[in-house]
Structure formats: structure tokens, C-alpha cells
Amino acid sequence: METQQAKAGKFVLNYGLLLGVALVVVGVIMYVTNNHLAPHWSFTVITLALLIAFMVYGIKAFKTENGGFLSLGEAIKVAVGIGLIAAIIGGIWSIVLSTVIEPDYMSQMMEMQREQIVEQYPDMSEAQVDNALEMGAAFQSPWIIFASGLVLYMLGGLIIGLIAGLIMKENRPYEI
């Protein structure tokens, strides 16, 4: 008797879209509460909790649809895919925020970083502060932030998928 295996794509897309929308909602809340430049630690905790929850529930839904069976590779594939879709949606939000909604976002960020450097290192000369900011500016374009978000969310998906897959793994009886 041949069993029907579930396709990961449906779960990746559904849970990736849901996670992406949830991340955009968190981003909008951060912007409205004026926490988009220097977010409160609670936003990091909320984002991480959303990431874990949507990936784990996506893997669990895939396992249920797959007759209760799940391989480690399938768990990782689902979680990384969810992370990729969510990162694309979150990255689009980030680009819209920094180019359309708040066009001077990067200059505000640079000014905030200048204040932090001066506060942490009061002995630094103005030239040293400018040099430090110039070096960091190369990594603050919206597209670099988008690309790093893709990598980070997929890496998070790999780690979460690995852990969840090890916990929920259930091989088919004929698999070794």
C-alpha cells in the first residue's frame, strides 16, 4: 500500500505569509510607538517568539498532514522556507519604511549611533567618530539590511527546524 506524502510548499507559503504579516504588524507597532530606531528589548522577544511559534506550528501542521510522519530534513525544509517567505515580507516592509514612509530613516539612525558612540567613548575625537560611522554606513543600506534579514531568518529557520525536527521526528515504518 502506497501512502500519500504531504507537500511542504503549502505549509511554507501559508505559515511564511502569516509570520511575515505578524512581523510587519510588529514593525508598524514599533514605528507608531517610536521604537523603530532603538527598539525596546521586548520587541526582540516578541519577534523571536513569533518566529519560533510559526515555524514550530508549521512543522507540526505538516507532520499532521503527512500522516503523523516527519523526517528531520522535512522539518528543516519547512522551517527554512517559512523563514525565507517571512524575511521577504519583512524586508519589503523595511525597505518601504526606510525609503517611503521615513525617507530620512538612515540619517536618523546615523545620528543616534553618533550619540551612542560619543556617550560610550567620550575620549574619541570627532574624526574618529566620523570614521567609525563611515565604516558602519556601508552596511546600512536598505538592500544590505534586506539581504542580512534573509540570511538571519533562514539561519533561524535552520536552527528551529533542526531542534523541532529532532523533537517531532517520526519515521515511516518502512524507513530506517
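For what follows, Ala, Val, Leu, Ile, Met, Phe, Trp, Tyr, Cys and Pro count as nonpolar, Asp, Glu, Lys and Arg as charged, and the others, Gly among them, as polar. Keep that in mind for both parts of this talk. The model you see is a predicted one.

I will start with the pocket. The largest pocket has a volume of about 1,000 Å³. It is lined by 32 residues, and the closest to its centre are Met30, Thr47, Ser94, Ile145 and Tyr153. Which elements give two or more residues to this lining? They are helix H1 (8-32), helix H2 (41-65), helix H3 (72-101), helix H4 (105-120) and helix H6 (142-168). H3 supplies the largest share of the lining, eight residues.

Now sort the lining of the largest pocket by the classes from the beginning. There are 20 nonpolar residues and 12 polar ones, and no charged residues.

The second part is about two of those helices, H2 and H3. Their axes come within 9 Å and cross at roughly 135 degrees. Angles over 145 degrees would count as roughly antiparallel and 65 to 115 as roughly perpendicular, so H2 is oblique to H3. The crossing of H2 and H3 is right-handed.

Which residues make the contact? On the H2 side they are Phe54, Met55, Gly58, Ile59 and Phe62. On the H3 side they are Glu74, Ala75, Val78, Ala79, Ile82 and Gly83. By class, the contact of H2 with H3 has eight nonpolar residues, two polar and one charged. The lining of the largest pocket, to repeat, has no charged residues.

Terms used:
Residues numbered from 1 in each chain as written. Predicted model: local features only at pLDDT ≥ 70, side-chain atom pairs only at ≥ 80, totals over all residues. Heavy atoms only, no water. 1 Å grid on protein atoms, 1.4 Å probe; cavity = no way out; pocket = protein on both sides within 12 Å on 5 of 7 lines; lining within 4 Å. Points joined across faces, edges and corners; volume = space filled by probe spheres on them. Helix = DSSP H or I, 4+ residues; strand = E, 2+ residues; numbered from the N terminus. Axes fitted to C-alpha atoms, helices over the stretch in contact; angles between N-to-C directions. Parallel < 35°, antiparallel > 145°, perpendicular 65-115°, else oblique. Left-handed = near helix turned anticlockwise from the far one by under 90°. Contact = heavy atoms within 4.5 Å.
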